[in-house]
Amino acid sequence: MKSILYVGATLMIGASIYGFVDYKQTRNKKEFKEMYQEEKAITPVEIINDKKTASLEQNVTGEKQPISDNKTVITKKPANSKEETFSTIKPIAAEEKMVPAETKVIEKTSVAIQPSNDSGVEKKIKKKRKLSTKLFSRGALDERYVNPKEKVELIKEDLKKPEIKEQ
Amino acid sequence: MLFWVPVTGLSLLLVYNTLPYFSFNKDLSFIEERSFLFKSDFYNSCFYIHIFAGSLCILMALIQFSRYILKKSKAIHRISGKIYVSVVLFLGAPTGLYMSFFAKGSFWERALFLFMACFWFITTLYGLTTIHKRNIIAHKVWMMRSYAMAMTAVTFRLYHIIFYLLDWGHLENYELSLWLSVIGNMLFAEWIIYRQGKNYLKSFAT
């Protein structure tokens, strides 16, 4: 009877001392610290289309001022020297005058940004957790362990960039 | 009967779910989560000893509390009792004590595991010493306490599943299940001891 007590007590004391020493050595290790940290499970999301947001449509209007044809070029004249001779400037003939063929009138442009089909409102899909005998285990009941194959994906269907339509 | 049917069913389910671990496959969730600890040969061996001891204890305890078996053959009760006690004292409690230092949760959860290992060891030891002194009532009481501690493995899983289905966060679920299973089992054992003690005293009065 006493031998049972001694052997058991020795094992318990040994386990506690060894466990404590081992724990002290490993507790500062990065891998140990990160071991039980919960990973943020990526929950599937559903994009709801029914919510209409009125403020999403934006009209961008831009007016551009017509460019004037008459350009005045200011040039600095060099200082006239005394010996300089002036030649008379002949008037330019009407045919030689440079006149633009067309006058371009830039139209008013309006750019409407249309929202994509999805309004960006996300709703978390609640997965129904099924009861199974396999769950009756000491293992973590975490999604990443319970359904390891079912890598949770974002169901966000391709979020289209806002289309720019020119009217 | 109403108590023992679910207890037996859940105990057998626990043992059944422990069997895959003996394939020494590392793809199991418990091992995957503690992959860093399982690099250590000592932890590895402690884990396998602990689950073997735990399964054996739970199976043996089912025989121990059967009045039918006790009446039919005391030898079965004695043999299974000896197996239970030796497995707890030499394998289950010491390995559990070592593993408690690396248990999941905060300092308090580790402390709880430490307490569980010590309490399991002491109650089983008292159960053994009392029967050696032919004190059957005390033996029953201490063995009930010991069994309550062993059954935390079952009740923990039960709470864990319930909270999981209720969509609780993993860590909160784990911690609450752990505390509930230990305190709940201890209180339940004490309530049964109190009730049986009351009935025992009443038998003297009539």
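This is a chat about a predicted model, its confidence, one helix and one interface.

Colleague: What kind of model is this, and how are residues and chains labelled?

Modeller: It is a predicted model, in which local features need pLDDT of at least 70 and side-chain atom pairs count only at pLDDT 80 or more, while totals for chains, interfaces and linings use all residues. Residues are numbered from 1 along each chain as its sequence is written, and chains are lettered from A and ligands numbered from 1 in the order in which they are written.

Colleague: What is the mean pLDDT of chain A?

Modeller: The mean pLDDT (the predictor's confidence in each residue, from 0 to 100) of chain A is 65, and 33% of its residues reach 70 or more.

Colleague: Which elements of chain A have the lowest and highest mean pLDDT?

Modeller: Strand β2 (residues 58-62) of chain A has the lowest, 49, and α1(A) the highest, 92, where helices (H or I, at least four residues) and strands (E, at least two) are DSSP runs, numbered from the N terminus.

Colleague: Switching topic, how many residues of chain A are in contact with chain B?

Modeller: There are 31, and they meet 30 residues of chain B, with contact meaning C-beta atoms, placed from the backbone, within 7 Å.

Colleague: Which element gives the most to that side of chain A?

Modeller: That is α1(A), with 13 residues.

Colleague: And which residues of α9(B) are buried?

Modeller: They include B:H170, B:Y174 and B:L178, where buried means that 20 or more other C-beta atoms, placed from the backbone, lie within 10 Å of a residue's own, exposed 12 or fewer, and partly exposed in between. What covers the buried residues of α9(B) includes α6 (107-132), α7 (136-150) and α8 (152-165) of chain B.

Note on methods: Contact = placed C-beta atoms within 7 Å.
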